[in-house]
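Please read the points below with the structure open beside you. They concern charged side chains and where they sit.

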Amino acid sequence: MGNSPYTGTAEGEVCFLGNIRLRMREELDFDAALITSYGYEVYRGNEKLSLI
């Protein structure tokens, strides 16, 4: 995260048909209006299919 006191984390999960899940996480610096880091993962059941 940045040096700003105005930071936060956004994370969540979206479920699709076929037991597919998209998990995402972003670290935000609101003072600089930037996404400082992010990651996305795709799963089918418990199997990780992709990491972005």
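The notes below go through the salt bridges, then one buried acidic residue, then one residue at the start of a strand.

1. The model is predicted. A search of the whole structure finds five salt bridges, and the next two points take up some of them.

2. Glu-11 and Arg-25 form a salt bridge, with 3.5 Å between the closest N and O atoms. This pair links distant parts of the chain, since Glu-11 is in strand β1 and Arg-25 in strand β2, 14 residues apart. Glu-11 counts as exposed because its relative accessibility is 59%, over the 50% cut-off. Arg-25, at 38%, is partly exposed.

3. Arg-25 also meets Glu-27 in a salt bridge, at 3.7 Å from N to O. Shared partners thus join Glu-11, Arg-25 and Glu-27 into one network. Glu-27 is buried, because its relative accessible area is 18% and the cut-off is under 20%. Another salt bridge is that of Arg-21 with Glu-13, at 3.1 Å; Glu-13 is partly exposed, at 42%.

4. What does Glu-26 have in place of a salt bridge? Glu-26, in strand β2 (residues 20–29), is buried, and the nearest side chain of opposite charge, Arg-25, is 10 Å away. The side chain of Glu-26 makes a polar contact of 2.8 Å with that of Tyr-40. Residues that Glu-26 touches include Gly-8, Thr-9, Ala-10 and Ile-35.

5. Thr-7 lies in strand β1, which covers residues 7–16. Thr-7 counts as partly exposed because its relative accessibility is 32%. Between Thr-7 and Leu-49 there are 30 Å, C-alpha to C-alpha, and the two are 42 residues apart in sequence.

Key: Residues are numbered from 1 along each chain as its sequence is written. This is a predicted model: local features need pLDDT of at least 70, side-chain atom pairs count only at pLDDT 80 or more; totals for chains, interfaces and linings use all residues. Side-chain values use heavy atoms; hydrogens and water are left out. Helices (H or I, at least four residues) and strands (E, at least two) are DSSP runs, numbered from the N terminus. Buried means under 20% relative accessible area, exposed over 50%, partly exposed in between (1.4 Å probe, protein chains only). Lys and Arg count as positive and Asp and Glu as negative; His and the chain ends are not counted. A salt bridge is a side-chain nitrogen of Lys or Arg within 4 Å of a carboxyl oxygen of Asp or Glu. A polar contact is a pair of N or O atoms within 3.5 Å; within protein, one must be able to donate a hydrogen and the other to accept it, and residues adjacent in sequence count only if both atoms are side-chain atoms. Contact means heavy atoms within 4.5 Å. Lists of a residue's contacts leave out its neighbours within four places in sequence.
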